[in-house]
Every structure is written in structure tokens, then in C-alpha cells.
Amino acid sequence: MNRARSTPVPHPLAPLFGRAIDSVSTALSPSSLHQYRVTARKFLNYLAIDYPDVSSLQQLRRDPHILGWLVRLHSQTPPLATATCITLLVHLRSLFNELAWADDLPDLSHLLRREDVPRRPQRLPRPLTAQQDQLLQQEWLRRNDLASNVFLLIRHTGMRIGECVDLPCDCLRCSSPDHWALQVPLGKLKKERMVPVDAFVREFVQRLRFFRSLDPVPPDGLLLARPYTKESLVRQLRDYLHEVSFHLGISERIVPHQLRHTYATEMLRSGVGFPAVMKLLGHNSPNMTMAYLDIVLTDLEREFHKARSQPRHLAPQPKASFASARTGLNGVIDSFRAAQHVLEMFRRSLPVGALRKSLDRLSNRLTKIVSQACNLTPPEKQAEIGR
């Protein structure tokens, strides 16, 4: 049944879409090429079933053909994930733009509009909790096998798993005797980068080189041997991570990309500058790194509210208590200071607003009153009050 469902319905537009796919996917990865083919197949199947009379590009119209396609995507049961819907529409829009240019049909580029593509939901990164991070690293260090060293390397460099399996054996670069960096190959964003590493991280690379030397797969210059394909190796590593998580009793599903999230938030929490973290992660846009900064700001906000609920930096306690207040003017001054302290404690617990501003003005007045009262006493009494 699945094979029949994936078989494309013969359509007169299939050769044109095929040429467009070959054109736009020249420099793309095999997975991206596959996504373009899936998009074209789904759209042409839709046309063949709902609009069998459409046999040329000139017949395509926004209404009803494209609007009907949008309705079809948004009415599926179970509903399509937003990311899947975005992928289909973005790829189809690219194919229309290519066909409009190649066949001199500018109207095709207006069939799908930018506003037709739903906005991708904002998802904050999901770093590991401190307990999960500690448990996993301890278990990987204990096992010390090939996959464990792979995940330790990912955890302490922030690489994507696809970048890690593409590492060459000579990925370490030395700029001076005490300064080393890991050269991360072309990845998701088609750019290389250098990630500084210490002796702890270099040890993982050395272990992986040792495992590579024992592997019967012929040398191909890569740090990790591939018995079959890159995708199969990534799948094996993901399965290994799930097995380790289950062994440790971690109920939450852990994926390799969370190690990258953990590395990034760790760098920001440690005080590494935003531009430096952006370069370490290989991001093209600051907006991509801002998501990790949101996590750190959430930490800051949590600590701020914790400090507000348990204030530690309040005005110092007056030396004279209500029970042992002195008499005369000195006693009055002590009372004012005690009242000022209680007022400050209450004021700091309030949210910013009109009431807090009013208490702030009252506190300033009490400060002035205490200062004026001290000026009414002889110098020797001021020294006694200060004690």
C-alpha cells in the first residue's frame, strides 16, 4: 500500500517539473533533492486527481488550483505538521519560480505568495538538564566506546551530528603549542568553522582515530567509518543514544541536537560573548543565536525573581531595637531608622508601580529627617549615634 501511494500518477507536467528540480537542486544535498521530488509528486498527484484537465503550465491558476492545494494541505487527517507544510510550500514556490524563468511564464511566480507559507513556530532550544548532562557524560566516559566518544565530542564542540560524521581524520589544527582548534567541515549552512578545543576534547579525537584504525572498512580519510551510508551511520548513533538514555532511566526522549543546545547555553552562561558563540555555532544570522540567548535570559529572570522573593541586599538592620530604644532625641532617631528599614523591606517586595514610587518618596523623606535630627545633636552625641 505504501509503495502504491508513493508511485507518481503519470502527468503531462512531470517532465517539466523534473527539469526544474534538476536545475534548483544542483548544489543541494541528496535529502533536499528528495524533498523537492516529494513535493512535485504530491502536487502533480493532486492535479491529476482533482483537475485532470490541466495539462500545461499556462492552464495553472491561483484560483482554483493553488488555493485548492492549500486547502488540501490544511485539511488532512491527521493534520500535517507546520514544518512539513512549510517545506512543501517553499519547495513548490521555488519550482514555480524556476519554471517561470525557464519557460518565460512570469505569471507562474505569482501563483504561490509569501503570505501563503505559515510562520514557523518559535521553538526555544532544549538543552539537557544539569542532571541529564551529568548522567550521560559519566556513562559515556565509563563505556569509552566509539559512539560514546562521538557524543562526548559533539557535547563539547557544539557540532551537529551530520557535521561530526563528516569529520576528516586530520580535523585538529594547531596554531601554537598550547592552542588547538577543531575544523568543522561544511555542514547544514554550507560553511566551515574552527572551534577551539582543549586537551580534554583532543583526547576524544585521538580515541576515535584509534577506533578508526581498528575498523576493517577501507580508509577513506574520514574519522568515522561508514559501513554503508552517512544516513545509516547517523541512524546507528541515534539508536545508541536512545539505548543509553533508557539504560540511565531518563524518561524524556533525548536527541543528538540537544547536545548542541547544551553546549551553546553553557557558553553563554559562562560569559562567552554573543558574537563568539555565533561563530562557534556557525550561524549565518544573529537571529539563529538569539534563541539560545533567550534561554540564558530566562535563567537570569528566574534568578532575579528568586532574589526579589528572598532579598539579601536590604538596608542594614538598625543597631537599636524597639525593645531597647534609647530615650530622648537618640531614641527618636533610632525609631526613624527602624521604620526606614521596615519600609525598605516592604518597598522592595512590591512590583514597579505607583505604590512603590510613593513609598520610595516616603523613604527619602525619612532619610532627610534622620539627617536633620543628627545635625541637632552635639558632635560627641553624633559619634555615639554612629556606633
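Trainee: In this predicted model, what kind of crossing does α3 make as it passes α4?

Mentor: The crossing of α3 over α4 is right-handed, and the residues that make the contact are Lys-42, Phe-43, Tyr-46, Leu-47 and Asp-50 on the α3 side, with Pro-64, His-65, Ile-66, Gly-68, Trp-69 and Arg-72 on the α4 side.

Trainee: Why are α3 and α4 called roughly perpendicular?

Mentor: Helix α3 (residues 30–50) and helix α4 (residues 62–74) pack at an angle of about 110°, their axes being 11 Å apart; angles of 65 to 115 degrees count as roughly perpendicular, and therefore the term applies to α3 and α4.

Trainee: How do the residues of the contact of α3 with α4 divide by character?

Mentor: They divide into six nonpolar, two polar and three charged residues, with Gly counted among the polar ones by the convention used here.

Trainee: What kind of peptide bond joins Asp-63 and Pro-64, and what is its omega?

Mentor: Asp-63 and Pro-64 are joined by a cis peptide bond with omega of about 20°, and Pro-64 has its place in helix α4. A cis peptide bond also joins Thr-77 and Pro-78, where omega is about -5°, and Pro-78 is found in the loop between α4 and α5 (82–102).

Trainee: What makes Asp-104 count as exposed, and Asn-144 as partly exposed?

Mentor: Asp-104, in the loop between α5 and α6 (130–143), has a relative accessible area of 63%, and exposed means over 50%, so Asp-104 is exposed. Asn-144, in the loop between α6 and α7 (146–155), has 33% relative accessibility; partly exposed lies between 20% and 50%, so Asn-144 counts as partly exposed.

Technical notes. Residues numbered from 1 in each chain as written. Predicted model: local features only at pLDDT ≥ 70, side-chain atom pairs only at ≥ 80, totals over all residues. Heavy atoms only, no water. Axes fitted to C-alpha atoms, helices over the stretch in contact; angles between N-to-C directions. Helix = DSSP H or I, 4+ residues; strand = E, 2+ residues; numbered from the N terminus. Parallel < 35°, antiparallel > 145°, perpendicular 65-115°, else oblique. Left-handed = near helix turned anticlockwise from the far one by under 90°. Contact = heavy atoms within 4.5 Å. Buried < 20%, exposed > 50% of the residue type's maximum accessible area, 1.4 Å probe, protein only.
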